[in-house]
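Reader: Hello! I am new to this structure, and I would like to learn why its parts are described the way they are. Could you take me through it?

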Amino acid sequence: EFIDNAIVVENELFIDIFTLSIVNSDFKDSSKNIVYFYPITYDFGSNSDIYVDEEYSRYHALYKQYQIKLLKLYGYSKEEARTISRELDDFFIDIASSSKTSKDLSDVDSLYNVVNKKELQDIYTNIDIEKYLNKMGIGNEEYFSVVDIENYKKMNSYLTNDNLDLLKNYVLIKILENYSGYTS
């Protein structure tokens, strides 16, 4: 149920939960388009550098403070907000440690990892890929480029019942962060 609902959030609110999919020209054949699955983004659309590169430690700390503030405004106590923020931070650090850095992502060749639906299902074993692609309106596509396969494999490892509360908080904070600009 969680995955089905997260797919709705991803599709209808345009928030990357499991993937950030973009249709673009095929890097190897510009006469065709292909769906690129970019790495999930972290707090406020940031990339893995915030969590793995010490140069960004100040930004990382500011993200955590803002996340706690959002959760408090949403109705959580200060202690609950800190606990959720710590758990999400550990989650993001773990995924980021398996992800490409912005330097890696600047190498066009590293972005081009074409897979078919079966191979995509092998990466995201905990999601019904056929159902997911159909909900995203790209079910008729044959091939996809998964920009950061390890990022997706690590995310997939979290998609279990044991992590349900963490995943719910992950979706909640993504919604709060994405729409906080529209609130008072």
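Reader: How many bridges join strand 3 to strand 4, and in which direction do the two strands run?

Author: Welcome! Please keep in mind that this is a predicted model. Strand 3 and strand 4 (residues 143–146) are joined by 3 bridges, and they run antiparallel. Two strands pair if at least two bridges are found between them, so strands 3 and 4, with 3 bridges, count as paired.

Reader: What makes strand 2 and strand 4 a pair?

Author: The same cut-off of at least two bridges decides it. Strand 2 (residues 29–38) has 3 bridges to strand 4, and these two run parallel. Within this pair, V35 stands opposite F144 in strand 4.

Reader: In what order do the strands of the sheet lie, and what kind of pairing is there?

Author: The sheet is open and has 4 strands, in the order 1-2-4-3, and its pairing is mixed. In general, strands of a sheet pair through backbone hydrogen bonds, either parallel or antiparallel.

Reader: Which strands are called edge strands, and why?

Author: Strand 1 (20–26) and strand 3 (114–116) are the edge strands, as each pairs on one side only. From one strand to the next, the twist averages 40 degrees.

Reader: Where is N116, and what does it stand opposite?

Author: N116 belongs to strand 3, and its opposite residue in strand 4 is Y143. Not counting residues up to four places away in sequence, N116 touches E142 and Y143. Its C-alpha atom is separated by 8.7 Å from that of S145, which is 29 residues away along the chain.

Reader: Why is N116 called partly exposed?

Author: Its relative accessible area is 27%. Buried means under 20% and exposed means over 50%, so N116, at 27%, falls in between and is partly exposed.

Reader: Thank you! Now the helices: what makes helix 3 oblique to helix 4?

Author: Helix 3 (residues 57–74) and helix 4 (residues 78–97) pack at an angle of about 135 degrees, and their axes are 9 Å apart. An angle has to be over 145 degrees to count as roughly antiparallel, and roughly perpendicular covers 65 to 115. An angle of about 135 degrees fits neither range, and therefore helix 3 is oblique to helix 4. Their crossing is right-handed.

Reader: Which residues meet there, and how do they divide by class?

Author: From helix 3 come H60, K64, Q67, I68, L71 and K72, and they meet K78, A81, R82, I84, S85, L88, D89, F92 and I93 of helix 4. By class, this contact has 7 nonpolar, 3 polar and 5 charged residues.

Reader: How do you know that L88 is buried?

Author: L88, which lies in helix 4, has a relative accessibility of 0%. The cut-off for buried is under 20%, so L88 counts as buried. Leaving aside neighbours within four places in sequence, L88 is in contact with Q67, L166, N169, Y170 and I173. One of these, Y170, is 82 residues from L88 in sequence, yet their C-alpha atoms are 6.6 Å apart in space.

Reader: Why is helix 1 called roughly parallel to helix 10?

Author: The axes of helix 1 (residues 2–13) and helix 10 cross at roughly 10 degrees and come within 11 Å. Angles under 35 degrees count as roughly parallel, so helix 1 is roughly parallel to helix 10. This crossing is left-handed. F2, A6, V9 and L13 of helix 1 make the contact with L164, L167, K168, V171, I175 and Y179 of helix 10. By class, the contact has 9 nonpolar, no polar and 1 charged residues.

Reader: Is S180 buried or exposed, and how do you know?

Author: S180 sits in the segment after helix 10 (164–179). Its relative accessible area is 15%, and buried means under 20%, so S180 is buried. Leaving aside neighbours within four places in sequence, S180 is in contact with Y66 and L70.

Reader: And F14: buried or exposed, and on what grounds?

Author: F14 has its place in the loop between helix 1 and strand 1. Its relative accessible area is 70%, and exposed means over 50%, so F14 is exposed. F14 also has a positive phi of about 60 degrees although it is not a glycine.

Technical notes: Residues are numbered from 1 along each chain as its sequence is written. This is a predicted model: local features need pLDDT of at least 70, side-chain atom pairs count only at pLDDT 80 or more; totals for chains, interfaces and linings use all residues. Side-chain values use heavy atoms; hydrogens and water are left out. Axes are lines fitted to C-alpha atoms, for helices over the stretch in contact, and angles run from 0 to 180 degrees between N-to-C directions. A crossing is left-handed if the near helix is turned anticlockwise from the far one by less than a right angle, and right-handed if clockwise. Contact means heavy atoms within 4.5 Å. Ala, Val, Leu, Ile, Met, Phe, Trp, Tyr, Cys and Pro count as nonpolar, Asp, Glu, Lys and Arg as charged, and the others, Gly among them, as polar. Buried means under 20% relative accessible area, exposed over 50%, partly exposed in between (1.4 Å probe, protein chains only).
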